[in-house]
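Welcome, and thanks for opening the viewer. Keep the selection tool ready, and we will walk through the model stop by stop.

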Amino acid sequence: MEIVSRWTACGGEQLVCRHTSSATGTPMTLAVFVPPQAKDGPCPVLTYLSGLTCTHANVMEKGEYRQAAAEAGIIVVCPDTSPRGEDVADDEAYDLGQGAGFYLDATEEPWAPHFKMRTYVEEELPALIAAHFPVASDRQSIFGHSMGGHGALTVALRNPGRYRSVSAFAPIVAPSQVPWGRKALPAYLGNDEAAWRRYDAVALIEDGARVTDILVDQGESDSFVITELRPELLSRACADAGIDLTLRTQQGYDHSYYFISTFMADHIAWHAERLA
């Protein structure tokens with residue numbers, strides 16, 4: 001793995017790394033914050049999954065996670081949202097193709113050769129981080145924003161016991177029921193809606209998947225909340241399943257990184273309690 005850039009930050013190091021992915025068949029770039037405690041021994045890992053149109057850089061530059069992660073002694077890993085490159089399929093719209101991988105393994109052309117973000121996040125990335133950084137591999141958590149919130153919830157629900165905790169900022173909780181998902185899921189997976197349920201947090205819960213608890217922050221002024229995010233569907237599913245959901249509606253906040261950065265330290269502290 002190549003270190004593209006390195007900065008000292010909050011007593012630790014902020015890295016940008018690049019490697020060739022066996023899952024996607026492309027170069028992949030990621031940001032990794034290593035806290036000062038890593039000099040003394042293994043640290044827990046918190047993976048952040050970004051939303052539509054984003055790369056690793058959005059949260060690295062705007063998320064304001066480093067101080068809280070340094071204080072808690074947590075390694076924060078921020079991968080890209082999709083494979084990229086001239087030979088990688090793309091679409092003119094922002095919500096399909098490069099920048100919009102939806103954290104799934106595509107089965108349909110032209111997406112299937114490279115769009116393997118589920119395998120990348122669930123299998124390849126944790127092994128890569130464990131091979132190159134001083135991680136406590138039994139102490140992992142995951143969170144994300146919007147499409148990345150969808151990814152975090154579904155990854156955690158599909159892998160019970162692997163992640164100590166899961167949280168999200170304004171997640172797409174039921175892509176099978178909203179326009180973003182009903183465009184992306186058939187394009188990547190075909191028209192069999194049963195196959196979509198593996199990538200739908202509400203559907204996974206309805207089908208028996210469980211985590212202990214979930215933290216979600218949702219901006220009250222988010223323009224996507226009614227049509228695309230539908231947090232009430234997650235609330236209902238968690239209530240029916242007995243999952244402890246903390247759903248906080250934040251007055252005046254929208255879908256932007258101003259919202260995310262405001263509550264980032266809350267989420268890191270919440271994960272830190274469960275990673276201790």
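The tour below tells you what to select and what you will find there.

**Before you start**

You are looking at a predicted model, in which local features need pLDDT of at least 70, side-chain atom pairs count only at pLDDT 80 or more, and totals for chains, interfaces and linings use all residues. Residues are numbered from 1 along each chain as its sequence is written, and side-chain values use heavy atoms, with hydrogens and water left out.

Helices (H or I, at least four residues) and strands (E, at least two) are DSSP runs, numbered from the N terminus. Two strands pair if DSSP finds at least two bridges between them.

**Stop 1: strands 1 and 2**

Select residues 2-9, which are strand 1, and then residues 12-20, which are strand 2. The two pair in the antiparallel sense, over seven bridges. To see one matched position, click on Arg-6 and look across to Leu-15 in strand 2. Strand 1 and strand 2 make a hairpin with two residues between them. In that turn, pick Cys-10, whose phi is positive at about 55°.

**Stop 2: strand 3 joins in**

Now add residues 27-34, strand 3, which pairs with strand 2 in the antiparallel sense over eight bridges. Which residue of strand 3 is the bridge partner of Glu-13? Select Val-34 to see that partner. Leu-15, which you met opposite Arg-6, has Val-32 as its bridge partner in strand 3. The hairpin of strand 2 and strand 3 has six residues between the strands, and Gly-25 there takes a positive phi near 70°.

While these strands are on screen, remember a general point: in a regular strand, side chains alternate between the two faces of the sheet.

Next, some words for accessibility: buried means under 20% relative accessible area, exposed over 50%, and partly exposed in between (1.4 Å probe, protein chains only). Seven of the eight residues of strand 3 are buried, so this strand is largely enclosed by the rest of the structure.

**Stop 3: on to strand 5**

Strand 3 is also joined to strand 5 by four bridges, and the two run antiparallel. Select Phe-33 together with Val-76, its bridge partner in strand 5.

**Stop 4: the loop after strand 5**

Follow the chain into the loop between strand 5 (75-79) and helix 3 (117-132), where you will find Pro-110. A cis peptide bond joins Glu-109 and Pro-110, with omega about 0°. Phe-102 is found in the loop between strand 5 and helix 3 too. Although Phe-102 is not a glycine, its phi is positive, about 55°. Is Phe-102 buried or exposed? Phe-102 is buried, with a relative accessible area of 0%.

For a contrast, select Glu-64 in the loop between helix 1 (56-62) and helix 2 (66-72). Glu-64 is not a glycine either, and has a positive phi of about 55°. Glu-64 is exposed, with a relative accessible area of 57%.

**Stop 5: helix 5**

Select residues 179-189, helix 5, where the buried residues include Trp-180, Leu-185 and Tyr-188. Show helix 6 (193-196) and helix 8 (225-229) as well, since they are among what covers the buried residues of helix 5. Just after helix 5 comes Gly-190, with a positive phi near 90°.

**Stop 6: the cysteines**

How many disulfides are there, if a disulfide is a pair of cysteine sulfur atoms within 2.5 Å? The count comes to zero. Go back to Cys-10: the nearest cysteine sulfur, that of Cys-78, is 13 Å away. Cys-10 counts as partly exposed at 34% relative accessibility. For Cys-43, the nearest cysteine sulfur is that of Cys-10, 14 Å away. Cys-43 is buried, with a relative accessible area of 2%.

Notes: Contact means heavy atoms within 4.5 Å. A disulfide is a pair of cysteine sulfur atoms within 2.5 Å.
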